[in-house]
Amino acid sequence: MASLASPRSLYEYLTKGHIISDLGKRIWSGATYYNSTNYYKAVLSQYVNYNSYINIYNKTLKLGTVHTGAPIQSNILGMEARAVTGKYGKPDFVFTEKNLAVYVYKWKLNGIRTRCEVHFYKNRSFLVNYIYNQLDKRQMSYITDSVMAKYMNQYVGEIDLMTTKLSDRNHNVLFMDNFLMGLKLSYMSSCENDWYEAMADFVNERKARQEIKAHIAEKRFFNRI
């Protein structure tokens, strides 16, 4: 079990632009393993309570949808952890918490550095993030055009992946966000898979417990005044 400070406080602290940007630069420039480990722990701890995953999924519902005939990230999505490491090797960092695990890889693809996060629920991958930091305009165009060429070749330059998600025949989705002067490409398994229902149930049950606890506290207060 990860022994971390409050996920919310750590994440809010790190997301203050100059702090997270500075940490990112130190990691890519060959900083110590200690700095890298603390950075990854702090960033990934936001996922511990599952709310972040539910929010990510809910955000995709607000995006327009374009269907693609090409399978989305089929070389990772749905795979077990052992299959991922067998194909891509040992990750640079592993974050675990109960049924959740995140494998972090640092790759250089065609001269562009990226951090790949593979998220597992009960040993099966359901979310993959490719995070490209500090990109210039040429690199951004190259990445977005390459994604469209792979999944929607006839519509290169015609679809805005910031406002539109791509969905394959298995209902897996691909969407894009801005990230620290760069891009984050996300690939998510269909909500029909086990991860979504289990996480939604966990979040709802916890919310119900919190509401009961708040009601009891309010009742005690009312009885004492």
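This is a short dialogue on reading a predicted model, from the whole chain down to single residues.

Visitor: Where do I begin with a model like this one?

Guide: Start with the overall make-up, and keep in mind that the model is predicted. The chain has 7 helices and 8 strands. Of its 225 residues, 43% count as buried.

Visitor: How much of the contacts in the chain comes from residues 24 or more positions apart?

Guide: Taking contacts with a separation of 6 or more, residues 24 or more positions apart account for 59%.

Visitor: Next I would like to look inside. What should I expect of nonpolar side chains?

Guide: In soluble globular proteins, they tend to be buried together. Here the largest nonpolar core has 31 residues, and Tyr130 and Tyr187 have the most contacts inside it. The elements that give two or more residues to this core are helix H5 (81-88), strand S3 (100-109), S4, S5, H6, S7 and S8. There is also a second, separate core of 25 residues, with Leu44, Tyr50, Tyr57 and Phe175 among them.

Visitor: Let me zoom in on tyrosine 130. Where does it lie, and is it buried or exposed?

Guide: Tyrosine 130 lies in strand S5, which covers residues 124-132. Its relative accessible area is 9%, and because the cut-off for buried is under 20%, the residue counts as buried.

Visitor: Which residues does tyrosine 130 touch, leaving out those up to four places away in sequence?

Guide: The list is Gln73, Ile76, Trp107, Thr114, Arg115, Cys116, Leu183, Lys184, Leu185 and Tyr187. With one of these, glutamine 73, tyrosine 130 makes a side-chain to side-chain polar contact of 2.9 Å. For a C-alpha distance, try valine 104: it is 26 residues from tyrosine 130 along the chain, and the two C-alpha atoms are separated by 9.9 Å.

Visitor: Two of those contacts catch my eye, Arg115 and Ile76. What can you say about arginine 115 first?

Guide: Arginine 115 lies in strand S4, residues 112-121. With 5% relative accessibility, arginine 115 counts as buried. Its side chain makes a polar contact of 3.2 Å with the side chain of glutamate 117.

Visitor: And where is isoleucine 76 found?

Guide: Isoleucine 76 sits in the loop between strand S1 (64-67) and H5. Its relative accessible area is 0%, so it is buried. Beyond its neighbours within four places in sequence, isoleucine 76 is in contact with Val84, Tyr88, Val118, Ser125, Val128 and Tyr130. Between isoleucine 76 and valine 128 there are 7.7 Å from C-alpha to C-alpha, although they are 52 residues apart in sequence.

Visitor: Now the aromatic rings. How many aromatic pairs does the structure hold?

Guide: It holds 11. One of them joins tyrosine 50 and tyrosine 121 edge-to-face, at 6.0 Å centre to centre with 80° between the planes. This pair links distant parts of the chain, 71 residues apart: tyrosine 50 is in the loop between helix H3 (33-44) and helix H4 (51-61), and tyrosine 121 is in strand S4. Tyrosine 50 counts as buried at 6% relative accessibility, and tyrosine 121 is buried at 9%. Ring pairs also link Tyr88, Tyr105, Trp107, Tyr130 and Tyr187 into a cluster.

Visitor: How should I read a helix, say H6?

Guide: A useful general idea is that an α-helix has 3.6 residues a turn, so residues three or four places apart point the same way. Helix H6 (residues 137-151) has 15 residues and reaches 21 Å from its first C-alpha to its last, close to the 21 Å expected. The buried residues in H6 include Gln139, Ile143, Val147, Met148 and Tyr151. They are on the same side of H6 because they cover an arc of only 165° around the axis.

Visitor: What do the buried residues of H6 pack against, and which exposed residues does the face turned away carry?

Guide: The buried residues of H6 pack against S4, S5, strand S6 (164-167), strand S7 (173-179) and strand S8 (182-188). The face turned away from the buried side carries the exposed residues Lys137 and Arg138. At the start of H6, a side-chain oxygen of aspartate 136 comes to within 3.2 Å of the backbone nitrogen of arginine 138.

Visitor: One last stop: where is serine 190 placed?

Guide: Serine 190 is in the loop between S8 and helix H7 (194-224). It counts as buried, at 3% relative accessibility. Not counting residues up to four places away in sequence, serine 190 touches Asn170, His171, Asn172 and Trp195.

Notes
Residues numbered from 1 in each chain as written. Predicted model: local features only at pLDDT ≥ 70, side-chain atom pairs only at ≥ 80, totals over all residues. Heavy atoms only, no water. Helix = DSSP H or I, 4+ residues; strand = E, 2+ residues; numbered from the N terminus. Buried < 20%, exposed > 50% of the residue type's maximum accessible area, 1.4 Å probe, protein only. Polar contact = N/O pair within 3.5 Å; in protein donor to acceptor, adjacent residues only side chain to side chain. Contact = heavy atoms within 4.5 Å. Phe/Tyr/Trp six-rings, centres within 6.5 Å; stacked < 30°, edge-to-face > 60°. Expected span 1.5 Å × (residues − 1). Arc of directions from axis to C-beta. Core = buried A, V, L, I, M, F, W, Y, C linked by side-chain atoms within 4.5 Å.
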